[in-house]
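Visitor: Please take one helix of this model and go through it closely. I would like its geometry, its burial and its aromatic contacts in one connected account.

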Amino acid sequence: ETLIGSLADNRTQLENIGNLQSSIEQMQQKLSSSDLPEAKQFVFLEIISFLENQNIPGAALLSERYQTLVTEKDRLKNENYNDDHPLVENINSQIVQTQNEILGRLDEYQKQLVTNLNMVRRNMTNGQNTLRSLPRNELRLAELERNRQIKENILSSIMIRYNEAKVTDAAVIPDAYIVDRATIPIVIPGGIIENVMYAGIGFLG
(Lines give C-alpha, C1' and ligand atoms only; values in the text may rest on other atoms or scores of the structure.)
Protein backbone atom coordinates (compact mmCIF):
# COMPACT_ATOMS: atom_id res chain seq x y z
CA GLU A 1 0.00 0.00 0.00
CA THR A 2 2.90 2.36 0.75
CA LEU A 3 4.32 1.64 -2.70
CA ILE A 4 0.97 2.34 -4.37
CA GLY A 5 0.57 5.62 -2.51
CA SER A 6 4.10 6.65 -3.50
CA LEU A 7 3.45 5.87 -7.18
CA ALA A 8 0.18 7.78 -7.11
CA ASP A 9 1.89 10.77 -5.51
CA ASN A 10 4.65 10.67 -8.10
CA ARG A 11 2.12 10.58 -10.92
CA THR A 12 0.33 13.58 -9.44
CA GLN A 13 3.62 15.43 -9.11
CA LEU A 14 4.32 14.79 -12.80
CA GLU A 15 0.94 16.28 -13.69
CA ASN A 16 1.55 19.31 -11.48
CA ILE A 17 5.03 19.95 -12.84
CA GLY A 18 3.75 19.66 -16.40
CA ASN A 19 0.97 22.17 -15.67
CA LEU A 20 3.39 24.60 -14.04
CA GLN A 21 5.80 24.36 -16.97
CA SER A 22 2.92 24.97 -19.37
CA SER A 23 1.84 28.06 -17.41
CA ILE A 24 5.38 29.44 -17.51
CA GLU A 25 5.64 28.88 -21.27
CA GLN A 26 2.34 30.69 -21.84
CA MET A 27 3.49 33.70 -19.82
CA GLN A 28 6.82 33.78 -21.67
CA GLN A 29 5.01 33.70 -25.01
CA LYS A 30 2.73 36.56 -23.96
CA LEU A 31 5.76 38.53 -22.85
CA SER A 32 7.62 38.01 -26.13
CA SER A 33 4.55 38.93 -28.20
CA SER A 34 3.75 42.09 -26.21
CA ASP A 35 4.96 45.19 -28.04
CA LEU A 36 3.58 47.93 -25.80
CA PRO A 37 5.23 48.65 -22.41
CA GLU A 38 1.79 48.63 -20.75
CA ALA A 39 1.10 45.13 -22.09
CA LYS A 40 4.45 43.85 -20.82
CA GLN A 41 3.71 45.47 -17.48
CA PHE A 42 0.58 43.35 -17.01
CA VAL A 43 2.44 40.18 -17.99
CA PHE A 44 5.12 40.90 -15.39
CA LEU A 45 2.36 41.39 -12.80
CA GLU A 46 1.01 37.98 -13.79
CA ILE A 47 4.47 36.40 -13.52
CA ILE A 48 5.21 37.82 -10.08
CA SER A 49 1.74 36.78 -8.86
CA PHE A 50 2.45 33.27 -10.16
CA LEU A 51 5.76 33.17 -8.27
CA GLU A 52 4.02 34.33 -5.10
CA ASN A 53 1.49 31.52 -5.44
CA GLN A 54 4.38 29.05 -5.64
CA ASN A 55 5.84 30.49 -2.41
CA ILE A 56 9.10 31.50 -4.08
CA PRO A 57 11.35 33.18 -1.45
CA GLY A 58 11.43 36.96 -1.90
CA ALA A 59 8.60 37.01 -4.45
CA ALA A 60 6.26 38.98 -2.16
CA LEU A 61 8.82 41.75 -1.59
CA LEU A 62 9.66 41.81 -5.29
CA SER A 63 5.98 42.15 -6.12
CA GLU A 64 5.51 45.00 -3.68
CA ARG A 65 8.52 46.87 -5.07
CA TYR A 66 7.43 46.38 -8.68
CA GLN A 67 3.87 47.56 -8.08
CA THR A 68 5.16 50.61 -6.20
CA LEU A 69 7.39 51.55 -9.15
CA VAL A 70 4.57 51.09 -11.65
CA THR A 71 2.26 53.25 -9.54
CA GLU A 72 4.90 55.97 -9.34
CA LYS A 73 5.43 55.84 -13.10
CA ASP A 74 1.68 56.24 -13.68
CA ARG A 75 1.63 59.22 -11.32
CA LEU A 76 4.41 60.97 -13.22
CA LYS A 77 2.65 60.25 -16.51
CA ASN A 78 -0.62 61.68 -15.21
CA GLU A 79 1.25 64.81 -14.13
CA ASN A 80 2.54 65.19 -17.73
CA TYR A 81 6.23 64.56 -17.05
CA ASN A 82 8.20 64.11 -20.28
CA ASP A 83 9.78 60.73 -21.02
CA ASP A 84 13.26 62.29 -20.89
CA HIS A 85 12.68 63.83 -17.47
CA PRO A 86 15.25 62.56 -14.92
CA LEU A 87 12.53 61.31 -12.56
CA VAL A 88 10.86 59.33 -15.35
CA GLU A 89 14.16 57.94 -16.59
CA ASN A 90 15.09 56.88 -13.05
CA ILE A 91 11.75 55.11 -12.52
CA ASN A 92 12.02 53.36 -15.90
CA SER A 93 15.53 52.20 -15.04
CA GLN A 94 14.35 50.74 -11.71
CA ILE A 95 11.39 49.05 -13.43
CA VAL A 96 13.68 47.38 -15.99
CA GLN A 97 16.01 46.23 -13.20
CA THR A 98 13.10 44.78 -11.23
CA GLN A 99 11.71 43.07 -14.34
CA ASN A 100 15.09 41.41 -14.87
CA GLU A 101 15.02 40.20 -11.26
CA ILE A 102 11.55 38.76 -11.82
CA LEU A 103 12.73 36.92 -14.93
CA GLY A 104 15.73 35.66 -12.96
CA ARG A 105 13.50 34.20 -10.25
CA LEU A 106 11.29 32.63 -12.94
CA ASP A 107 14.34 31.06 -14.62
CA GLU A 108 15.55 29.65 -11.30
CA TYR A 109 12.12 28.17 -10.67
CA GLN A 110 12.07 26.59 -14.13
CA LYS A 111 15.40 24.89 -13.44
CA GLN A 112 14.10 23.64 -10.10
CA LEU A 113 11.06 22.17 -11.83
CA VAL A 114 13.31 20.27 -14.26
CA THR A 115 15.34 18.90 -11.33
CA ASN A 116 12.14 17.84 -9.54
CA LEU A 117 10.80 16.28 -12.74
CA ASN A 118 13.88 14.10 -13.20
CA MET A 119 13.79 12.99 -9.57
CA VAL A 120 10.08 12.07 -9.77
CA ARG A 121 10.66 10.11 -12.97
CA ARG A 122 13.45 8.10 -11.33
CA ASN A 123 11.22 7.36 -8.34
CA MET A 124 8.42 6.22 -10.64
CA THR A 125 10.73 3.94 -12.60
CA ASN A 126 12.01 2.31 -9.42
CA GLY A 127 8.49 1.93 -8.03
CA GLN A 128 7.12 0.42 -11.25
CA ASN A 129 9.98 -2.10 -11.38
CA THR A 130 9.14 -3.17 -7.84
CA LEU A 131 5.44 -3.33 -8.71
CA ARG A 132 6.04 -5.67 -11.66
CA SER A 133 7.63 -8.22 -9.34
CA LEU A 134 4.32 -8.74 -7.48
CA PRO A 135 2.04 -11.75 -8.22
CA ARG A 136 -0.64 -11.19 -10.90
CA ASN A 137 -3.61 -10.69 -8.52
CA GLU A 138 -1.71 -8.36 -6.25
CA LEU A 139 -0.45 -6.46 -9.31
CA ARG A 140 -3.98 -5.94 -10.64
CA LEU A 141 -5.23 -4.80 -7.24
CA ALA A 142 -2.27 -2.46 -6.93
CA GLU A 143 -2.98 -0.92 -10.34
CA LEU A 144 -6.63 -0.26 -9.43
CA GLU A 145 -5.66 1.29 -6.12
CA ARG A 146 -3.02 3.44 -7.81
CA ASN A 147 -5.53 4.72 -10.39
CA ARG A 148 -7.98 5.62 -7.65
CA GLN A 149 -5.41 7.57 -5.71
CA ILE A 150 -4.16 9.32 -8.85
CA LYS A 151 -7.66 10.56 -9.69
CA GLU A 152 -8.17 11.82 -6.15
CA ASN A 153 -4.84 13.64 -6.23
CA ILE A 154 -5.57 15.19 -9.64
CA LEU A 155 -8.93 16.47 -8.43
CA SER A 156 -7.29 18.02 -5.38
CA SER A 157 -4.60 19.60 -7.58
CA ILE A 158 -7.21 21.08 -9.94
CA MET A 159 -9.07 22.70 -7.05
CA ILE A 160 -5.84 24.20 -5.72
CA ARG A 161 -4.93 25.63 -9.15
CA TYR A 162 -8.46 26.96 -9.56
CA ASN A 163 -8.23 28.85 -6.28
CA GLU A 164 -4.78 30.18 -7.22
CA ALA A 165 -6.15 31.41 -10.56
CA LYS A 166 -8.93 33.29 -8.77
CA VAL A 167 -6.36 34.98 -6.53
CA THR A 168 -4.23 35.91 -9.56
CA ASP A 169 -7.17 37.40 -11.45
CA ALA A 170 -8.19 39.43 -8.43
CA ALA A 171 -4.65 40.81 -8.14
CA VAL A 172 -4.25 41.74 -11.83
CA ILE A 173 -7.74 42.64 -13.02
CA PRO A 174 -9.47 45.52 -11.19
CA ASP A 175 -12.96 44.98 -9.89
CA ALA A 176 -15.95 46.52 -11.67
CA TYR A 177 -18.83 47.97 -9.70
CA ILE A 178 -22.39 48.83 -10.75
CA VAL A 179 -23.13 52.34 -9.48
CA ASP A 180 -26.78 52.64 -10.61
CA ARG A 181 -28.95 50.24 -12.53
CA ALA A 182 -30.54 51.51 -15.75
CA THR A 183 -34.19 52.53 -15.46
CA ILE A 184 -36.90 53.04 -18.10
CA PRO A 185 -37.89 56.73 -18.31
CA ILE A 186 -41.45 57.38 -17.22
CA VAL A 187 -43.51 59.48 -19.66
CA ILE A 188 -45.60 61.96 -17.70
CA PRO A 189 -48.58 63.43 -19.60
CA GLY A 190 -47.72 66.96 -20.63
CA GLY A 191 -44.13 66.42 -19.49
CA ILE A 192 -40.93 67.23 -21.38
CA ILE A 193 -40.37 63.69 -22.73
CA GLU A 194 -43.95 63.49 -24.10
CA ASN A 195 -43.64 66.92 -25.74
CA VAL A 196 -40.35 65.91 -27.39
CA MET A 197 -41.92 62.67 -28.67
CA TYR A 198 -44.88 64.55 -30.20
CA ALA A 199 -42.57 67.15 -31.72
CA GLY A 200 -40.54 64.39 -33.36
CA ILE A 201 -43.65 62.72 -34.74
CA GLY A 202 -44.89 66.04 -36.11
CA PHE A 203 -41.53 66.67 -37.76
CA LEU A 204 -41.55 63.27 -39.46
CA GLY A 205 -45.10 63.88 -40.68
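Guide: pLDDT is the predictor's confidence in each residue, on a scale from 0 to 100. This is a predicted model, and the mean pLDDT of the protein chain is 77, with 61% of its residues at 70 or more. Among the elements, helix α3 (residues 59–78) has the highest mean pLDDT, 93, and helix α6 (residues 192–204) the lowest, 49. Over residues 173–180 pLDDT stays under 50, and the model has zero contacts beyond four places in sequence for them.

The helix chosen here is α2, residues 37–53. Its 17 residues reach 24 Å from the first C-alpha to the last, close to the 24 Å expected at 1.5 Å a residue. After α2 comes N55, with a positive phi near 60°. The buried residues of α2 are Q41, V43, F44, L45, I47, I48, S49, F50 and L51.

The structure holds two aromatic pairs. In one of them, the ring centres of F44 and Y66 are 6.2 Å apart and the planes stand at 50°; the pair is therefore tilted, since edge-to-face needs over 60 degrees. This pair links distant parts of the chain, with F44 in helix α2 and Y66 in helix α3, 22 residues apart. F44 has 4% relative accessibility and so counts as buried; Y66, at 0%, also counts as buried.

The rings of F50 and Y109 have centres 6.1 Å apart and planes at 70°, so this pair is edge-to-face. Here F50 in helix α2 is linked with Y109 in helix α4 (residues 86–132), 59 residues apart. Both F50 and Y109 are buried.

Notes: Residues are numbered from 1 along each chain as its sequence is written. This is a predicted model: local features need pLDDT of at least 70, side-chain atom pairs count only at pLDDT 80 or more; totals for chains, interfaces and linings use all residues. Side-chain values use heavy atoms; hydrogens and water are left out. Helices (H or I, at least four residues) and strands (E, at least two) are DSSP runs, numbered from the N terminus. The expected span of a helix is 1.5 Å times one less than its number of residues. Buried means under 20% relative accessible area, exposed over 50%, partly exposed in between (1.4 Å probe, protein chains only). Contact means heavy atoms within 4.5 Å. Rings of Phe, Tyr and Trp (its six-membered ring) pair if their centres lie within 6.5 Å; planes under 30 degrees apart count as stacked, over 60 as edge-to-face and the rest as tilted.
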